Amino acid sequence: MTFETERLILRPWEETDAEECYRYAQDPQVGPIAGWAAHTSVENSREIIKTVLSAPETYAVVLKTTGLPVGSLGKASNIGLPDSEGEIGYWIGVPYWGQGLIPEAVRELMRYGFEELKLEKMWCGYFDGNEKSKRVQEKCGFRYHHTKENVPCAIEGLLRTEHITCITREEWLKSNK
């Protein structure tokens, strides 16, 4: 499945995206704040595309102007939520921070989740200190729900504090009138 917004195409990751994925995911400002280790090589990115980013409903965030991926966005499934709920996760390369691209992508995935999948609630989260991710969630209408301490992340042995936000279908509908 592919989605299109004003500036973006959201499409499945391809192994041929490994070089572009590595270009942004190697930056220590990107992965560690989101709970995963910076990529170490193009081959490492290719393996992550095959094993992680190829999951259902995970999309490369591709700029229409270049046709190249600059980040990732996904709706998680099989994470213990009821079928009527979903969780969104995302990251974007540092050169594209502050341009509103991830909020644009998140809003499209919210539209898909609420309008097409008929979800009742969507969740998001950010680790302590990730103010940019917190801001994305606020811009998209997510509201603080709770905080979890000592949450393991994809970085071996590291426990983090995670702040959880959510938005209901009703809240989303009201904000999109």
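## Where β5 meets β6, and the helix on top

In this predicted model, strand β5 (residues 85–92) runs parallel to strand β6 (residues 121–127), and three bridges join them. To find this pairing by eye, look for Glu85, which stands opposite Lys121 in β6. Helix α5 (residues 131–139) packs on the sheet here and touches β5, β6 and β8. The direction of α5 makes about 160 degrees with that of β6. Angles over 145 degrees count as roughly antiparallel, so α5 and β6 fall in that class.

A word on confidence before going further. The protein chain has a mean pLDDT of 92, with 98% of its residues at 70 or more. Among the elements, strand β2 (residues 8–12) has the highest mean, 97, and helix α2 (residues 31–34) the lowest, 86.

## The whole sheet

Now step back to the full sheet. Eight strands make up an open sheet with mixed pairing, and their order is β1-β2-β3-β4-β5-β6-β8-β7. The edges are taken by β1 (3–4) and β7; each has a single partner strand, so one side of each is left without a neighbour in the sheet.

## The β6, β8 and β7 end

Strand β8 (residues 159–168) sits between β6 and β7 in the sheet order. With β6, β8 pairs in the antiparallel sense over seven bridges, and Tyr126 stands opposite His163 of β8. With strand β7 (residues 143–152), β8 is again antiparallel, over seven bridges; here Lys148 stands opposite Glu162 of β8.

Eight of the ten residues of β8 are buried, so this strand is mostly covered. The hairpin of β7 and β8 has six residues between the strands, and Gly157 in that hairpin takes a positive phi near 80 degrees.

## A fully buried strand: β3

Which residues of β3 point one way and which the other? Thr58, Ala60 and Val62 point one way, Tyr59, Val61 and Leu63 the other, and all are buried. That makes six buried residues out of six in strand β3 (residues 58–63).

Both neighbours of β3 pair with this strand in the antiparallel sense: β2 through five bridges, and strand β4 (residues 69–76) through five bridges as well. On the β2 side, Pro12 has Tyr59 as its bridge partner; on the β4 side, Val62 stands opposite Pro69. The hairpin of β3 and β4 has five residues between the strands, and Gly67 takes a positive phi near 75 degrees there.

## Leu8, a contact point for β3 and α4

Leu8 lies in strand β2. Is this residue buried or exposed? Leu8 is buried, with a relative accessible area of 0%. The residues touching Leu8 include Val61, Val62 and Leu63, which belong to β3. Leu101, Glu104 and Ala105 touch Leu8 too, and these three are among the buried residues of α4. The list is completed by Phe3 and Lys64.

The sequence separation here can be long: Leu8 and Ile102 are 94 residues apart along the chain, while their C-alpha atoms are separated by 9.6 Å.

## Helix α4

Helix α4 (residues 101–116) has 16 residues and spans 22 Å from its first C-alpha to its last, close to the 22 Å expected at 1.5 Å a residue. Twelve of the 16 residues are buried, so α4 is largely enclosed by the rest of the structure. Among the buried ones are Pro103, Val106, Leu109, Met110, Tyr112 and Phe114, together with Glu104 and Glu108. Just after the helix, Lys118 takes a positive phi of about 60 degrees.

## Two crossing helices: α1 and α3

Helix α1 (residues 18–25) and helix α3 (residues 42–53) pack with their axes 8 Å apart, at an angle of about 105 degrees. The two helices are therefore roughly perpendicular to each other. On the α1 side the contact is made by Ala18, Glu19, Cys21 and Tyr22, and on the α3 side by Val42, Ser45, Arg46, Ile49 and Leu53.

Ser45 is a handy residue to click on here. This serine lies in α3 and is buried, with a relative accessible area of 0%. Which residues does Ser45 touch, not counting those up to four places away in sequence? They are Ala18, Cys21, Tyr22 and His39. Ala18, Cys21 and Tyr22 also belong to the α1 side of the helix contact.

Definitions and conventions:
Residues numbered from 1 in each chain as written. Predicted model: local features only at pLDDT ≥ 70, side-chain atom pairs only at ≥ 80, totals over all residues. Heavy atoms only, no water. pLDDT = per-residue confidence, 0-100. Helix = DSSP H or I, 4+ residues; strand = E, 2+ residues; numbered from the N terminus. Expected span 1.5 Å × (residues − 1). Buried < 20%, exposed > 50% of the residue type's maximum accessible area, 1.4 Å probe, protein only. Pairing = 2+ DSSP bridges. Axes fitted to C-alpha atoms, helices over the stretch in contact; angles between N-to-C directions. Parallel < 35°, antiparallel > 145°, perpendicular 65-115°, else oblique. Contact = heavy atoms within 4.5 Å.
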